[in-house]
Amino acid sequence: MDYKAIAQQTAQEVLGYNQDTSGWKVVKTSKKITVSSKPSRKFHGNLYRVEGIIPESAAKLSDFLYQTGGRVTWDKSLQVYDMVHRIDSDTFICHTITQSFAMGSISPRDFIGLVYIKCYEGNMNIISCTSVDFPEYPPSSNYIRGYNHPCGFVCSPMKENLAYSKIVMFVQTEMRGKLSPAIIEKAMPSNLVNIILNAKDAIKAHKTPSGRGFHHNSHS
C-alpha cells in the first residue's frame, strides 16, 4: 500500500474542504467556536467543520497538534493515541481508541489512521488523517473498528496578529456498529467543540511559566 500517496491525496482533500464555502449549515456555536455540517460525499453521514481562534502561532499550533506524546493528556475524546509506524518525518500511522460519549450511548471505537503534516503557501499547515488498513493492527473483538474518511486540522496565521491562529477542524467519522444516525448527529457537535476547547486550554497551560513547552522531534 502506497501510504505516502494516500497521505498526500488526503491532505489535498482536506484543503478542498477548507476552500469549499457552499452548503454548510451551522449546527452549534459555543465559546467562540462554530460547528457547521453538510452531507458527506464519502458515506451516509455528515462532514463537520469546526472553527475557532487559538492564541498561538500557526507553526507552534501545528507542531502541538501533530505530536503524539501528550495527545491523550489534553484530548479528552481519546483514551489511546499511539504511533505504531513511522513512515517519514511528516507521515505516520497511529492507533487510537476513543472514549465513550453521549452519556455512554456511543461506546469506544478504535481507528487506524494515516497522519500527515504539510505546509502550504502563507504558512498554512494541514495535519490530515484518514483510515487505512495496517496488517499489524487488525480489528479486535474488544472494540468496534470505526472509519475516518479524510479529516484533519487546518492552521493558518491570523494576518492582523501572528501570535494567533485560525484553526479549522474537519471530521467525517463512520462510527460503524448499530448506532442510529440521530444519536451521532445529536452528540457530535458538542464533542467537536470540546476537542478545540481542550487544545486551547492545553496550549495556554504550556505557555505559562510552569508549562514545559512543546517541540516536534522527527526522530522520536
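Trainee: How many salt bridges turn up in the whole structure?
Mentor: A search finds 9. Keep in mind that this is a predicted model, where local features need pLDDT of at least 70, side-chain atom pairs count only at pLDDT 80 or more, and totals for chains, interfaces and linings use all residues. Residues are numbered from 1 along each chain as its sequence is written, and side-chain values use heavy atoms, with hydrogens and water left out.

Trainee: What makes K4 and D88 a salt bridge?
Mentor: The term asks for a side-chain nitrogen of Lys or Arg within 4 Å of a carboxyl oxygen of Asp or Glu. Their side chains meet at 2.7 Å, N to O, so the pair fits that definition.

Trainee: And why is R145 called buried?
Mentor: Buried means under 20% relative accessible area, exposed over 50%, partly exposed in between (1.4 Å probe, protein chains only). R145 has 18%, so it counts as buried. Its salt-bridge partner D110 is buried too, at 3%.

Trainee: What about E174, how do you know which class it falls in?
Mentor: E174 sits at 23%, so it's partly exposed. R176, which forms a salt bridge with E174 at 3.5 Å, is partly exposed as well, at 38%.

Trainee: Why does S128 count as buried?
Mentor: Because its relative accessibility is 1%. Leaving aside neighbours within four places in sequence, S128 is in contact (heavy atoms within 4.5 Å) with residues including A7, V14, Y116 and C151.
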